[in-house]
Amino acid sequence: MLSKNPIILYMKNPDPIFYGMMDDLVIETLRKQNTTIIVTELEELSVIIGREFIFLRNGEQIQFDAFLGYGYMAPKHYMDYMYLNFAVYSAGKTTLYSPQIENILQNKLLQYAKFSQSQIPFPRCSASFSVQQFKKNLSQFENKTIMKEVVGYEGTGVKLSNNKIQSTEIFCKSLWNGEQTIIQDFISDSLGRSIRVLVIGGKAVSVTEFQDNIDFKSNGYSDDFKIESKMESQKKEEYFRLAEKACSAIDSQLTIGGVDIIDSKKDGLMVLEINQWPEITFSQDVTGLPLFDYFGQEFIRKIIKNNKQKPQLI
């Protein structure tokens, strides 16, 4: 189905803990750009899969060109979202990411594997699958390290370990909980500091710095947290190039990605991760750039391109 104006099925985040206003802001942005938005809740949606895909809302069949949901979710809701997203993508409609790209963006270890493949600098890490092997690999790391769950967001599951006994305890607890935790080099001269580059459609559009003198993760949870624009920084183009290269390692035209970078005097620029659903509001406020509009325009461009590639019914 091709529409004169794209129809977007927008699923509101079922767990808007970190993204309270994002749904409203994204919906408002898309509506300003001549799209029809069907706003729905996850609980209202279902799909019938046979010779064709039939998507339903409250039991009634719905037609749309694209599906979008924005923001991190609780595990069960995210699993449901992924099932629905996979069906929408398989039906030839537009999604924010393909299921394969979504899987990589959700998992830090998979991101690091792609970074290594493309020779992108990042803090060295190790994944072990038993306590015995974890203890053997500890000799390859300093006493103070970062312990990081491979699936997490907003700094959840990221801990600073001060010694190898503590690192082992953290790993054992994650193993007990059925989670995968990696050990990573601690970059000591970047404590509480990180660079955030927003990449849209594969192109860097803004850069800011997150600063926190209390929390080493610089995620905005302490009273000391602040964010500053780096659009006038002499290193802006360096930040942009590295962020674009990191995104390109996963998808050359990544719809949107929030690239976190460490700027270390000792180790240089290093990529921490790419956030698949970056918080846009902070960056827009401090840079003054219309970043929501950039995102909306890119997603609509993606819909139009996908629709043009579909076979036309006569």
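Q: What makes the pairing of the side chains of Thr-145 and Ser-167 a polar contact?
A: A polar contact is a pair of N or O atoms within 3.5 Å, where within protein one atom must be able to donate a hydrogen and the other to accept it, and where residues adjacent in sequence count only if both atoms are side-chain atoms. The side chains of Thr-145 and Ser-167 make such a contact at 3.3 Å. This is a predicted model, in which local features need pLDDT of at least 70 and side-chain atom pairs count only at pLDDT 80 or more, while totals for chains, interfaces and linings use all residues. Residues are numbered from 1 along each chain as its sequence is written, and side-chain values use heavy atoms, with hydrogens and water left out.

Q: Why is Thr-145 called buried or exposed?
A: Buried means under 20% relative accessible area, exposed over 50%, and partly exposed in between, with a 1.4 Å probe and protein chains only. Thr-145 has a relative accessible area of 1%, and therefore it is called buried. Thr-145 is found in strand E9, residues 145-149 (strands, E, of at least two residues, and helices, H or I, of at least four, are DSSP runs numbered from the N terminus).

Q: Which residues does Thr-145 touch, not counting residues up to four places away in sequence?
A: Contact means heavy atoms within 4.5 Å, and on that basis Thr-145 touches Lys-159, Leu-160, Ser-161, Ser-167, Ile-183, Gln-184 and Phe-186.

Q: Why is Gly-288 called buried or exposed?
A: The relative accessible area of Gly-288 is 61%, so Gly-288 is called exposed. Gly-288 lies in the loop between helix H8 (281-287) and helix H9 (291-308).

Q: How do you know that strands E12 and E13 pair, and which way do they run?
A: Two strands pair if DSSP finds at least two bridges between them; 8 bridges join strand E12 (residues 193-200) to E13, and the two run antiparallel. One of the bridge partners in E13 is Glu-209, which is matched with Ile-195. In the hairpin of E12 and E13, with 2 residues between the strands, Gly-201 takes a positive phi near 60°.

Q: What makes strand E13 mostly covered?
A: In strand E13 (residues 203-211), 8 of the 9 residues are buried. E13 is also joined to strand E14 (residues 226-229) by 4 bridges, and these strands run antiparallel.

Q: Which residues have the most contacts inside the largest nonpolar core?
A: A nonpolar core is a set of buried Ala, Val, Leu, Ile, Met, Phe, Trp, Tyr and Cys residues joined through side-chain atoms within 4.5 Å. The largest has 71 residues, and Phe-115 and Val-197 have the most contacts inside it.
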